[in-house]
Amino acid sequence: MVIQVLLLCGLIIFSGLAILFKDLLKAALSLAVASLFLGIVFFRLNAPYAGVFEISVVAGLITVLFILTIALTKKDGEVEDSKLVKVAFPLFFIIFLIIDGLVMKSLLLKVPTLPSGPETGSFGEVLWKQRTFDLVAQIGVILAGVLAVLVLFRKKEDDKDE
Amino acid sequence: MILSFIVIPLSIAALLPLIGKFSKKLIPDLLTNAALAFLLLNSILLVKPILNQEAIIQNVNWFGEKINLQVALDGFNLFMLFTISLVSLCISLFSIDYLEHYGHKAGFYALLLVMIAGMNGLVLVPDLFSIYLFLEVAAISSYALVAFGLGYDELEASFKYLMLSVVASAFVLLSITIIFGMTGSLSFQAVAQGLQDLNARYVIGVCAAFFIMGFGLKAALVPFHAWLPDAHPSAPAPISAMLSGLLIKVSGIYALFRITFSVFGVTPLLSQVLMALGTVSMVVAALLALGQKDIKRMLAYSSISQVGYVVLGLALGTPLGIAGGLFHLFNHAVAKGLLFLNSGSIQHITGTRNLEELGGLGKRVPITAGTNLVGALSIAGVPPLAGFWSKLIIIIALIQAKQLGYALVAILASILTLWYYLLIQRKAFFGKISEKWSKIKEAPFWMSAANIILALICILVGVFFTPLFKTWISPAAQALARGIQQVLMWGI
């Protein structure tokens, strides 16, 4: 229970940091750490599928794409500090908690579910033997992201004919 | 092999940036077109096995080790694969000459192939989460392709498209999450069986609503259409053709109807909601198209309107309605692909897409004008072109199902369609030619060739529609009409 609470606190802190950091690189890394915490929470709750998706897609793939894009972006555009974000985020979070507490719990209890055994298997087994197609699709997502960065940040001299 | 529809485009896309370092034009042109021609041939060769077996389930081993690369092919997704391969091959042929002034061909083709792999993957996977992932593969490459020109309008349109597409993906993912929570599974078959056992009508209704919002945004159905009239005209012409001809149909229509028919099982209420959305799209977008001056913007609104016909036919749920809807999906993919490519030819020739500035081009560019006329008349539903038969089948199906109101609206919307397409003809190709267009020349060879091929398909499908209907449309319609029985019999 204590570990679970610590993990959730870590998740919230790093999610908040991802929004509040002015430095894009730090924000992207905070988001990756937050996703890692969430992935571990999923694993601890016997949901390795969700854990695999979270860690491989959000913590892994999306972070790589963010860092690639940030690395290719020039430093000429200063990001203005928005006070709205500082106010809006905590406000949104509080409203979300209230709605969650009042509505979601009772609603979710009414949703019928099939009895199912806990998912089994290590990270590798789940990803490789059960969700192989998702791995192929993730390769496609990475490829699309990398190609998008290459094409959209291309230099004019690349366009010269052979 | 069925997996080649995903593996070949992805592999070539990975190689193209490297190949582009030493050959900027020839090898990327050859490789991309050869790959797409192979996929088209592959889809044609798969017809016979599908006609014999109704469905093919293929699993791949990785050097003897069992992995889960399972694809399910039936009449419906084979029909989609054929449509994707055919139209994207013509688009790729058109790009050979069209991309000369853009440059960076290897990058363009690589993204185009990733988009095609994404669409093929989406069509082949029998799993809800994999559908979502392949949806994202196609979507990410399409955002980059819309912005390919790097102009202000392109970047703005791409950003708008990205923002609304993310909302669509969120709705789809939310629905998948609820279904996974209820059934503990993601495969079509297990989910279909699980939802039958649970008999949770209201929760399924909520999930269906989320799917309609998500896939409706992807398909640009009214009222979820705001992104399309900006994104499609801003993209380079081949990408506009891909988006309007294929992507909105695969990531919107295919995904929505595969899930609602084969996983949820369509209910009368769901059918009525979808029919209403289709009809509203058909009429509202046709009225909006009438006021446009930019050819591509007019075509974009026309796409929304024609998708409305497809949705109306499919949502009717009768075998004839489904067949009509699918036939119109194919006809619209071909004709709208043709018209968007043709608008690229017009822009290439004159440097403008504004109908007010054009006029009398038909005398100087007969191939562009002739192919445009064929595409326009086909979509408007003029006999004996392909679009006439599909619209006729949809209207007959509506009358048979005693949906006379919908049938009447479909006929009236068809008249509106003819009206705005004749406006294009009159303003761009007929009348007195302006002095500044007196020295224009016909579009380059590959651009004209792609237009001619697509125009010929519109004519030949219209004249010989029976064999095409029996070979492609009927098995697809039967697969969809079977409802959840279709995925339950896959035995995955």
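1. Rings of Phe, Tyr and Trp (its six-membered ring) pair if their centres lie within 6.5 Å. On that rule, one aromatic cluster is formed by B:Phe94, B:Tyr98, B:Tyr102, B:Phe108, B:Tyr109 and B:Phe148. Note that this is a predicted model.

2. Aromatic pairs. The structure holds 24 of them over all chains. One is B:Phe82 with B:Trp472, stacked at 3.9 Å centre to centre, with 10 degrees between the planes. This pair links distant parts of the chain: B:Phe82 sits in helix H4 (residues 75-98) of chain B, B:Trp472 in helix H19 (residues 465-481) of chain B, and their positions lie 390 residues apart in sequence. B:Phe82 is buried, at 9% relative accessibility. B:Trp472 is buried too, at 8%.

3. Helix H19 of chain B again. B:Phe465 in helix H19 of chain B pairs with B:Trp389 in helix H16 (residues 386-400) of chain B, 76 residues apart. The ring centres are 4.6 Å apart and the planes stand at 15 degrees, so this pair is stacked. B:Trp389 is partly exposed, with a relative accessible area of 23%.

4. B:Ser92. This residue is in helix H4 of chain B. Its relative accessibility is 0%, so B:Ser92 counts as buried. Leaving out residues up to four places away in sequence, B:Ser92 touches B:Thr32, B:Asn33, B:Leu36 and B:Tyr109. B:Tyr109 is also a member of the aromatic cluster.

5. Salt bridges, buried case. Over all chains there are eight salt bridges. B:Arg258 and B:Asp74 meet in one of them, at 2.8 Å, N to O. B:Arg258 lies in helix H11 (residues 237-264) of chain B and B:Asp74 in strand E2 of chain B, so the pair ties together parts 184 residues apart in sequence. B:Arg258 is buried, at 0% relative accessibility. B:Asp74 is likewise buried, at 0%.

6. Salt bridges, partly exposed cases. B:Lys25 bridges to B:Glu100, with the closest N and O atoms 3.0 Å apart. B:Lys25 is in the loop between H1 and helix H2 (26-45) of chain B, and B:Glu100 is in the loop between H4 and H5 of chain B. B:Lys25 is partly exposed at 21%, and B:Glu100 is partly exposed at 33%. Both belong to a salt-bridge network with B:Asp29 and B:Lys105. Elsewhere, B:Arg297 meets B:Asp230 at 3.0 Å, N to O. That pair joins helix H13 (residues 295-316) to helix H10 (residues 228-234) of chain B, 67 residues apart. B:Arg297 is partly exposed at 26%, as is B:Asp230 at 22%.

7. Interface. Chain B gives 51 residues to the contact and chain A gives 33 residues. The buried area between them is about 3600 Å², and carbon and sulfur atoms give 72% of that area. Zero salt bridges cross this interface. Polar contacts also come to zero residue pairs, with both residues required to be at pLDDT 80 or more. On the chain B side, H6(B) supplies the largest share, eight residues. By class, that side has 33 nonpolar, twelve polar and six charged residues.

8. Chain A. How many helices and strands does chain A have? Six helices and zero strands. The order along the sequence is α-α-α-α-α-α. Of its 162 residues, 30% count as buried. Among chain A contacts between residues at least 6 apart in sequence, 66% join residues at least 24 apart.

How values were computed: Residues are numbered from 1 along each chain as its sequence is written. Chains are lettered from A and ligands numbered from 1 in the order in which they are written. This is a predicted model: local features need pLDDT of at least 70, side-chain atom pairs count only at pLDDT 80 or more; totals for chains, interfaces and linings use all residues. Side-chain values use heavy atoms; hydrogens and water are left out. Contact means heavy atoms within 4.5 Å. Buried area is the accessible area (1.4 Å probe) that two parts lose on being put together, summed over both. A salt bridge is a side-chain nitrogen of Lys or Arg within 4 Å of a carboxyl oxygen of Asp or Glu. A polar contact is a pair of N or O atoms within 3.5 Å; within protein, one must be able to donate a hydrogen and the other to accept it, and residues adjacent in sequence count only if both atoms are side-chain atoms. Helices (H or I, at least four residues) and strands (E, at least two) are DSSP runs, numbered from the N terminus. Ala, Val, Leu, Ile, Met, Phe, Trp, Tyr, Cys and Pro count as nonpolar, Asp, Glu, Lys and Arg as charged, and the others, Gly among them, as polar. Rings of Phe, Tyr and Trp (its six-membered ring) pair if their centres lie within 6.5 Å; planes under 30 degrees apart count as stacked, over 60 as edge-to-face and the rest as tilted. Buried means under 20% relative accessible area, exposed over 50%, partly exposed in between (1.4 Å probe, protein chains only).
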